[in-house]
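Work through the exercises below with the sequence and the 3D structure open beside you. Try each task before reading its solution.

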Amino acid sequence: DHYGWPDKDTWPANSGVPAEAAAKGVCGDSDHMTCTNAFCYGHGTGTDVDGTCTCTCEVEYTGDRCQFCGTGYEGYPECLEKCTSEADCSGNGDASGVKWLNEFG
């Protein structure tokens, strides 16, 4: 699964189709004729609603095309959860930075 994006190993594969035209076929153009998850930059689900591509963003993302970090997240395009004073400092002091997941959880 390429999260709605074309497989770079096979696309456009000398198909004779100009890259811009091929991209519009995969990602949709300004008229949203083709609606895929790629329209949401791979951070949401693209759905055609009455001819308009709309995105339902993953929790970390927001925006018409999931192009921004949601509330409580920063560092687009990764959008990692922000540290908070209550959750990460037991309410003491100011928290900064983002939470990272590693092999320890």
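The exercises that follow deal with disulfides and with the surroundings of one histidine.

This is a predicted model, in which local features need pLDDT of at least 70 and side-chain atom pairs count only at pLDDT 80 or more, while totals for chains, interfaces and linings use all residues. Residues are numbered from 1 along each chain as its sequence is written, and side-chain values use heavy atoms, with hydrogens and water left out.

**Exercise 1.** Find how many disulfides the model has, and state the pairing of the bonded cysteines.

Solution. Begin with the rule, by which a disulfide is a pair of cysteine sulfur atoms within 2.5 Å. Applying this rule gives 4 disulfides. Next, number the bonded cysteines of the protein in sequence order, and the pairing reads 1-3, 2-4, 5-6, 7-8.

**Exercise 2.** Describe the link between Cys-35 and Cys-53, including its handedness.

Solution. The sulfur atoms of Cys-35 and Cys-53 are 2.0 Å apart. The torsion about their S-S bond is about 65°, and therefore the disulfide is right-handed. Cys-35 lies in the loop between helix 1 and strand 1, whereas Cys-53 belongs to strand 2 (residues 52-57), so the pair ties together parts that are 18 residues apart in sequence. Here helices (H or I, at least four residues) and strands (E, at least two) are DSSP runs, numbered from the N terminus.

**Exercise 3.** Work out the handedness of the disulfide between Cys-40 and Cys-55, and decide whether Cys-40 is buried or exposed.

Solution. The S to S distance between Cys-40 and Cys-55 is 2.1 Å. Since the torsion about this S-S bond is about -95°, the disulfide is left-handed. Cys-40 sits in the loop between helix 1 and strand 1 and Cys-55 in strand 2, so this pair ties together parts that are 15 residues apart in sequence. For the last step, buried means under 20% relative accessible area, exposed over 50%, and partly exposed in between (1.4 Å probe, protein chains only). With a relative accessible area of 0%, Cys-40 is buried.

**Exercise 4.** Locate His-43 and list the residues that it touches.

Solution. His-43 is found in the loop between helix 1 (19-27) and strand 1 (44-49). Because its relative accessibility is 13%, His-43 counts as buried. Taking contact to mean heavy atoms within 4.5 Å, and not counting residues up to four places away in sequence, His-43 touches Cys-57, Glu-58, Tyr-61, Cys-66, Tyr-76 and Pro-77.
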